[in-house]
Structure formats: structure tokens, C-alpha cells
Amino acid sequence: MPDPAFDCTACGACCACFRVDFHPSCGEAQGGLVPEGFYDELNPAIARMRGTDHVSPRCLALCGTIGQAVRCVIYDERPDPCREFEAGSPACLRARRRHGLPE
Ligand code: SF4
Ligand code: SF4
């Protein structure tokens, strides 16, 4: 559950901070949920959300302005790392810090 101290819909920092990798079987091309066009299959073991390995990362599925109003356009179909990411965790705080948001 998100930490009530943070409103993720007014943040989005983690979606523009980290590489988001998952197993290709979770992608639509192999019968999974993550829609085709939002990720690349790098090899038989790794698929990656597009945009998350850029120098200034930003997931292709992130819509809106970081720190103001955002949404994940594939929220119900997002990959496991996104489901497991915890608001208020050290990684969350690191992402917020990187985007100049209060911790
Ligand atoms: S899939 Fe959605 S929740 Fe996951 S990094 Fe991209 S925008 Fe964020
Ligand atoms: S960085 Fe933390 S507060 Fe911001 S969207 Fe991600 S989980 Fe939510």
C-alpha cells in the first residue's frame, strides 16, 4: 500500500529514475499483461520498459508532470517491479530527492 504521506499521483519520480526490467513472459507478446509497444525484449530473460534506460530516464507509460500530476497509462497492466515498489521506501526517497521533491 502506498505510504499516505506521499501522493504518488502528484509525484511520479520513481517512474523517471530507475530502469524497469521484468521477465518477457509478463509482456503481451508472450501472453502477459504489459502492453506491446511499451517495452522491449532485450534477451530471453529480460524485457525493459521503454524510456527507463535513457540518460534522463522516463517511462514511456508515464503521463503528466512529475511533482505535479501524473498517471501511469498502463496502471492495471504495469509490470511486477512497479507493483512491488513501495512509497516511502529508501528507493522512493532517492527518486524524490533526485527530482527535487521533499522526502
Ligand atoms: S509502467 Fe507505469 S508505474 Fe511502471 S514505471 Fe512506467 S509509468 Fe511508472
Ligand atoms: S517516488 Fe515514491 S511517492 Fe513518488 S510516485 Fe514513486 S512511490 Fe510514489
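Start at strand S3, residues 46-49: two bridges join it to S1, and the two strands run antiparallel. Keep in mind throughout that this is a predicted model.

**Stop 1: the three-stranded sheet**

Stay on S3 and select Ala47. Ala47 is the bridge partner of Phe22. Now step to Arg48. On the S1 side, Arg48 is the bridge partner of Asp21. On the S2 side, Arg48 is also the bridge partner of Asp40.

Zoom out to the whole sheet. In what order do the three strands lie? The order is S1-S3-S2, in an open sheet with antiparallel pairing. S1 (21-22) and S2 (39-43) are the edge strands, each pairing on one side only. In general, strands of a sheet pair through backbone hydrogen bonds. Switch on the backbone atoms here to follow the pairing.

Next, colour S2 and S3 together. Four bridges pair S2 with S3, in the antiparallel sense. The two strands form a hairpin, with two residues between them.

**Stop 2: the second hairpin**

Select strand S4 (62-65) and strand S5 (69-72). These pair antiparallel over four bridges. Pick Leu62 in S4, then look across to S5. Which residue of S5 is the bridge partner of Leu62? Cys72 is.

Move to the turn. Three residues lie between the strands of this hairpin, and Gly67 takes a positive phi near 85 degrees. Is Gly67 buried, partly exposed or exposed? Gly67 is partly exposed, at a relative accessible area of 29%. Draw a distance from the C-alpha of Gly67 to the C-alpha of Pro57. The pair is 10 residues apart in sequence and 15 Å apart in space.

**Stop 3: ligand 1**

Return to Leu62 and Cys72. Both belong to the set of residues around ligand 1. Show the rest of that set:

- Cys15 and Val20
- Met49, which ends the range of S3 (46-49)
- Cys59 and Ala61
- Ile74, Pro79 and Cys82

Colour this shell by class. The shell holds 10 nonpolar residues, with no polar and no charged ones. Turn on a pocket surface if your viewer offers one. The space that ligand 1 takes is the largest pocket.

**Stop 4: ligand 2**

Centre on ligand 2. Ligand 2 also sits in the largest pocket. Show its surroundings in groups:

- Phe6, Cys8 and Cys11
- Gly12, Ala13 and Cys14
- Phe85 and Ala87
- Cys92 and Arg96

What classes make up this shell? Around ligand 2 there are eight nonpolar residues, one polar and one charged. Leave Cys92 and Arg96 selected for the next stop.

**Stop 5: helix H2**

Follow Cys92 and Arg96 into helix H2, residues 90-98. Which residues of H2 are buried? They are Ala91, Cys92, Ala95 and Arg96. These four cover an arc of only 135 degrees around the axis, so they lie on the same side of H2. An α-helix has 3.6 residues a turn, so residues three or four places apart point the same way. Look down the axis to see the arrangement.

Rotate to the opposite face. Turned away from the buried side, that face carries the exposed residues Pro90 and Arg98. Cys92 and Arg96 thus appear twice on this tour: around ligand 2, and among the buried residues of H2.

Finish just past the helix. Select Gly100, which takes a positive phi of about 75 degrees.

Definitions and conventions:
Residues numbered from 1 in each chain as written. Chains lettered and ligands numbered in written order. Predicted model: local features only at pLDDT ≥ 70, side-chain atom pairs only at ≥ 80, totals over all residues. Heavy atoms only, no water. Pairing = 2+ DSSP bridges. Near = heavy atom within 4 Å. 1 Å grid on protein atoms, 1.4 Å probe; cavity = no way out; pocket = protein on both sides within 12 Å on 5 of 7 lines; lining within 4 Å. Sits in = over half its atoms within 2 Å of the grid points. Nonpolar A, V, L, I, M, F, W, Y, C, P; charged D, E, K, R; others polar. Buried < 20%, exposed > 50% of the residue type's maximum accessible area, 1.4 Å probe, protein only. Arc of directions from axis to C-beta.
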